[in-house]
Amino acid sequence: MKPQPDLKLLSTFMAVVNRGSMAEAAAALGYVPSAVSQHIAALERDMGIELVIRRPGSRLILTAAGRSLAQATETLFDATARFQDAANGISNREIAELCVGAYPSAMSHLLAGILSALKPRGHGPRIRLIIVETDKGLPKVKSGDLDLLIAYRYLPEDPPAASGEWTITSLGHEPLVLVAGTRPGRRPLELAECLEMEWTSGHAHSPDRRLLHRWAGELGISPDVTLETEDLHSMLAMIRAGLAVGLMPATLISAESDRSGVERVVLPPGVTPLHREVLAVSRPGTRPPVINELVTLLIEALESVRLRGVE
């Protein structure tokens, strides 16, 4: 075995581990699949042991050695990212670029306005944006691929959990509003009437679906979810068309262009309002000033959404 595995090969290996296939790893890295296969074969030669079980037509399976190497590589990459943070702080050089990840509706309805306001200043680091869901973004924070992740948490037990792997700042709570398609000239729907209608939500184990089931259980109701999608804009289109009712994040329907075509469902008195927590996640240590500024502006923007609500 070589005394020090090639970091490029390890990077390719972790892409395969995280995506479960050579083809998906190749697409993410910008390689052809044969190059990824060659990297894995070279790493196995260097290590002197099989790391990946290849079965045509199915997702790759890690051997025991592969699982151990993946865990060790995560530790290595995390330490490398921490070292880079420390080196940047020691050298005190101006940061040229920050990579910020956010889930889609945060990108379009929170970050867009904030970054538009910051851009005319003409100084500070360039901000590179990546649309990424929370579960996919958290490993990127650990590896150093993201400097800041705007994440959400529907239920208290959902990730990210407090740990030494990252710094978590709560930006606030975004209301979730039960809405239906508008019915001109008719009174707003009440919750009881919605139980006879079809509902739209995420897939069975998605965070919003689990929250919906918990909320429904507390109310003693059983919504009939027949339209499943992870895309909030598709949910909104279904609701506007009168095909379903559903819980929507307030940021998505607070803008005038998105608010038309939907109306709030009237909930019984005493029903606890629902929300999801919005979080800023970064690596441990001192944050660059621009990240602290972004966090402050996001807190203000989210509070504005909460106070404005949905008319």
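**View 1. Helix α1 of the predicted model, residues 7–19.** The 13 residues of helix α1 should span 18 Å at 1.5 Å a residue (the expected span being 1.5 Å times one less than the number of residues), and the end C-alpha atoms are 18 Å apart, which agrees. Helices (H or I, at least four residues) and strands (E, at least two) are DSSP runs, numbered from the N terminus. In α1, the buried residues (under 20% relative accessible area, 1.4 Å probe, protein chains only) include L9, L10, F13 and V16.

**View 2. The two ends of α1.** D6 caps the N-terminal end, with a side-chain oxygen 2.7 Å from the backbone nitrogen of K8. G20 follows the helix and has a positive phi, near 80 degrees.

**View 3. D208 in helix α8, residues 207–219.** D208 is buried but has no salt bridge (a side-chain nitrogen of Lys or Arg within 4 Å of a carboxyl oxygen of Asp or Glu). The nearest side chain of opposite charge, R209, is 7.5 Å away. The D208 side chain forms a polar contact of 2.8 Å with that of S206 (N or O atoms within 3.5 Å, one able to donate a hydrogen and the other to accept it; residues adjacent in sequence count only if both atoms are side-chain atoms).

**View 4. R276 in strand β11, residues 274–282.** R276 counts as buried because its relative accessibility is 1%. Its side chain makes a polar contact of 2.9 Å with the side chain of Y154.

Residues are numbered from 1 along each chain as its sequence is written. In this predicted model, local features need pLDDT of at least 70 and side-chain atom pairs count only at pLDDT 80 or more, while totals for chains, interfaces and linings use all residues; side-chain values use heavy atoms, leaving out hydrogens and water.

Notes
Buried means under 20% relative accessible area, exposed over 50%, partly exposed in between (1.4 Å probe, protein chains only). Lys and Arg count as positive and Asp and Glu as negative; His and the chain ends are not counted.
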